[in-house]
Amino acid sequence: MNILQFFWKNQAQIYELTLEHLWLVGISMLLAVSVGVPLGILLTRRPGFRRTILGGATIVQTIPSLALFGFLLPAPWLGERADRLAITALTLYALLPIIQNTYAGIKRVDSGVREAARGMGMTDFELLIQVELPLAFGVILTGVRVATVITVGVATIAAAIGAGGLGEFIFRGLAMVDNRVILAGAIPAALMALLADFFLSRLERRFRYA
Amino acid sequence: MVFLRALFVFLCAAILAGCGGVRENRIVIGSKNFTEQVVLGELLAQHIEATTHLPVDRRFYLAGTYICHQAILAGRIDLYVEYAGTALTAILKQPATSNPQEVYERVKREYARRFHLVVLEPLGFNNTFAIVIRGEDARRLHLKTISDAARHAPEWRAGFGYEFMERPDGYQGLVRTYGLTFAAPPRIMDLGLLYRALIQKQVDLVAGNSTDGLIAARDLAVLEDDRHYFPPYYAVPIVREETLARHPAVRTALEELAGRISDQDMRQMNYAVEGEHRDVQEVVREFLQSKHLD
Amino acid sequence: MQQRRPEAFILITRADDMGYTHTGNLATIECLRNGIIRCAGVLVIAPWFGEAAQLTCENPDLCFGVHLHMIVVPEPEVVIECRGVSYHLEGGRALLSDLNLQIRRGETLVLLGRSGSGKTTTLKLINKLLEPTEGQVLVEGRATSAWDPIRLRRRIGYVIQEVGLFPHFTVERNVGLVPSLEGWPAERTCARVRELLDLVGLEAERFAGRFPRELSGGQRQRVGVARALAADPPFLLMDEPFGALDPVTRAEIQREFQTLERRLQKTIVFVTHDLREGLMLATRVALMEGGRLVGVYTPEEFRRASDPAVMAYLQAFETAETTRGGE
């Protein structure tokens, strides 16, 4: 049975694992954005935290993903269920690009715009919501895009600790020494990363301001 | 804007779909990544297909005990075959005991309470450590148990694998329990080479697994563990409560298999797949037919 | 038949009246910026510049028998004041030292000086973008330290050289910023925006929906002025607003602004280094150098002043002008 027939025959399983993978990526990205963007905003308001927060996120990113999974395994509530663990690790991994880009995006707002806004009596909150965030949105989206592509990749490793997703095909295929099974995981995963990158790039372009 | 909305809907659908995992009427069977597990998985699959006519999805070669456990907890698989001793020590993290009944009861109780998983009746064989000697020696010296062999141990050389030497329930305990002394310190070698060394008379006694295929294929004898040193590793099917609730026929099908697979049966199937390189599905079908289980 | 005596009306009005001309029965009255009202035949000096009201006749023959009505408007109050204000940077460098300045309602005070003289710092102290290290800045009688910065800034229109229009807002949204922050109903904001765009010389239909990147430098600055005026604040702070424009556009905008000043009747603090612009637009000029106030003069007084700093400034400017003219 060649690879296409194999894909066709096992489409239900491929579909199921793809959805599992999407779910892992989706929840993690949602969490990463909910935590990362506010942290990035915090850094623009309280520069004193820069070293701690950016440093922390950088350290997490430097730890190899499999090692990070390993570190979290003994954790009391997290280690009990592989999906909790995977989502936690994936979220932590996605934080750095999002925090950095939020910070940079807001900082890049033209100083004249900021001065005019403050001078005309905008509160800090109004400035953030009406000026800084909309203008930084394109750059933040770049961070989200980078984080998403990373997350799709690291999520394949999550199967090693039992969280499922397309990585499961890859590991099973390795154990079975069956290329078709490996590809059944590798190809959709690669496609997912490419599509995410493509669509988010297009979105980014919409929000570019001079 | 339309584009953004489409993206949003897509993301929502993906997240919801992941949450639900609507499986309709399929049963998903998992297995670990070695031959015996794949054979057992296939066996359960074929039997369930034949008796309940439910479609079965096979997810074999999952990387290990932990992966299978996580998968069944998350509902990604409906059932797989575990070993009672492994369930007790590796998953429930309790100390091993050697009473098989006690182990089984405890595992069954805890699995139901903590994980809502049902542990069904053992399939019959016990995949534990086996002390193996050459068949001719067993017959010549009338050796049936390890205690019997202990008398001849000082004349013999033993061979063990790395893991057996390291494990607390391995070499150290064995020697202590049976008062074994060998002619020389045991040779430590790769598992794959143990049986060959035994057959070629480089060693006289090895520790393998009781369901190793080679034991059936070559003239080798397994010594009985009369002092019950090795913990029991009886194979039991583990199923999600929900699956049984939704498909009671599965329970019936699995109960039919209780006690039907002996150590020797398992060895023969293992050898057929590993040693003779036969197709797993064929081997299983043959077995089911021979036991009138199809 | 009784001959009616000729009458002339002398209106002594606010200081920022520029070249107001009224033709009465017999006389043409011209009120000059320095407070001197010239009536053909009668010279009147306005009282709020510290000099007693005097009526002097230049041409007694013409004036004889002219009945004068004088209507005096009280001296405009001080609305912005700096008392002993100093501003030091964190490193210790003083940008302003002991500044004492009074700004009256309705006047256009030009802060004049070279770069680094402290003009922009002074401006920013007024709308609390900076707070004085020593001394007090009072706006409408209250120290800026006591003002809520947001409330203060919303009473002050702010125009800067870079303009700082929000690139993601249309012209309309930019101009309507403060009204929308203040919660004006949409209709009222919309009407006001259109009114202001007309005021600054931009056709509302053409420009309201455009984005700043689609506008020229001059157009952007006009929008900036419109934006500053949107909520009709009593004060206007302008920091070298026309500095970034090309000379032709700049001259055009200056002239238009001059006309606008009259209509607006606001208290304006205008920072510039350009002498000509300053003298053209000012009711009074405050010359600053090295963080200190040299003096406050009317434009006429400035030209005639004997203070060495003033003369140096005048001279430097003339040299620059002649050099440029020679090119």
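How many bridges join strand β5 (residues 129–134) of chain B to strand β8 (residues 205–209) of chain B, and in which sense do the two strands run? Five bridges join them, and the strands run antiparallel. The legends below describe this pairing and other close-up views of a predicted model.

**Figure 1. The five-stranded sheet of chain B is open and mixed in its pairing.** The strands follow the order β7-β6-β8-β5-β9. At the edges stand β7 (187–188) and β9 (220–223) of chain B, each with a single partner strand, so one side of each has no neighbour in the sheet. Helix α10 (residues 191–199) of chain B packs on this sheet and touches β5, β6 (158–160) and β8 of chain B. The direction of α10 makes about 145° with that of β8(B).

**Figure 2. Strand β5 of chain B pairs with β8(B) and with β9(B).** β5(B) and β8(B) are joined by five bridges, and β5(B) and β9(B) by four bridges. Both pairings are antiparallel. Ile133(B) can be followed into each of the two partners: Leu205(B) stands opposite Ile133(B) in β8(B), and Ala221(B) is the bridge partner of Ile133(B) in β9(B).

**Figure 3. The side chains of the edge strand β9(B) alternate between two faces.** In a regular strand, side chains alternate between the two faces of the sheet. Leu220(B) and Val222(B) point to one face and are buried. Ala221(B) and Leu223(B) point to the other face and are not buried. Ala221(B) is also the residue that bridges to Ile133(B).

**Figure 4. Helices α4 and α5 of chain A cross at roughly 130°.** Two packed helices are described by the angle between their axes and the distance between the axes. The axes of α4 (residues 65–72) and α5 (residues 82–107) of chain A come within 10 Å. An angle between 115 and 145 degrees falls in the oblique range, and α4(A) and α5(A) are therefore oblique to each other. Their crossing is right-handed. From α4(A), the contact takes Ser65(A), Leu68(A), Phe69(A) and Leu72(A). From α5(A), Leu85(A), Thr88(A), Ala89(A) and Tyr93(A) take part. By class, the residues of this contact are six nonpolar, two polar and no charged.

**Figure 5. Chain A has nine helices and zero strands.** Along the sequence the pattern reads α-α-α-α-α-α-α-α-α. The C-alpha trace spans about 70 × 40 × 20 Å along its principal axes. Of the 210 residues in chain A, 45% are buried. Among contacts between residues at least 6 apart in sequence, 72% join residues at least 24 apart.

**Figure 6. Chains A and B meet through 18 residues of chain A and 19 residues of chain B.** On the side of chain B that touches chain A, α1 (2–20), β2 (56–62) and α3 (65–74) of chain B each supply at least two residues. α1(B) gives the most, with seven residues. The residues on this side of chain B comprise 14 nonpolar, three polar and two charged.

**Figure 7. Asp57(B) lies in strand β2 of chain B.** Asp57(B) has 17 C-beta neighbours inside 10 Å and therefore counts as partly exposed, since a buried residue needs 20 or more. Apart from its neighbours within four places in sequence, Asp57(B) is in contact with Gln13(A), Arg26(B), Ile27(B) and Val28(B). The C-alpha atoms of Asp57(B) and Ile29(B) are separated by 6.2 Å, with the two residues 28 apart along the chain.

**Figure 8. A four-stranded open sheet of chain C is antiparallel in its pairing.** The strand order is β9-β8-β11-β12. β9 (94–104) and β12 (142–143) of chain C stand at the edges, each with a single partner strand, so one side of each is left without a neighbour in the sheet. β11 (residues 134–139) of chain C pairs with β12(C) over two bridges in the antiparallel sense. Ala143(C) in β12(C) is the bridge partner of Leu138(C). Chain C as a whole has 12 helices and 17 strands, and 38% of its 327 residues are buried. Of the contacts in chain C with a separation of 6 or more, 62% come from residues 24 or more positions apart.

Terms used:
Residues are numbered from 1 along each chain as its sequence is written. Chains are lettered from A and ligands numbered from 1 in the order in which they are written. This is a predicted model: local features need pLDDT of at least 70, side-chain atom pairs count only at pLDDT 80 or more; totals for chains, interfaces and linings use all residues. Two residues are in contact if their C-beta atoms, placed from the backbone, lie within 7 Å. Ala, Val, Leu, Ile, Met, Phe, Trp, Tyr, Cys and Pro count as nonpolar, Asp, Glu, Lys and Arg as charged, and the others, Gly among them, as polar. A residue is buried if 20 or more other C-beta atoms lie within 10 Å of its own, exposed if 12 or fewer, and partly exposed in between; C-beta atoms are placed from the backbone. Two strands pair if DSSP finds at least two bridges between them. Axes are lines fitted to C-alpha atoms, for helices over the stretch in contact, and angles run from 0 to 180 degrees between N-to-C directions. Angles under 35 degrees count as roughly parallel, over 145 as roughly antiparallel, 65 to 115 as roughly perpendicular and the rest as oblique. A crossing is left-handed if the near helix is turned anticlockwise from the far one by less than a right angle, and right-handed if clockwise.
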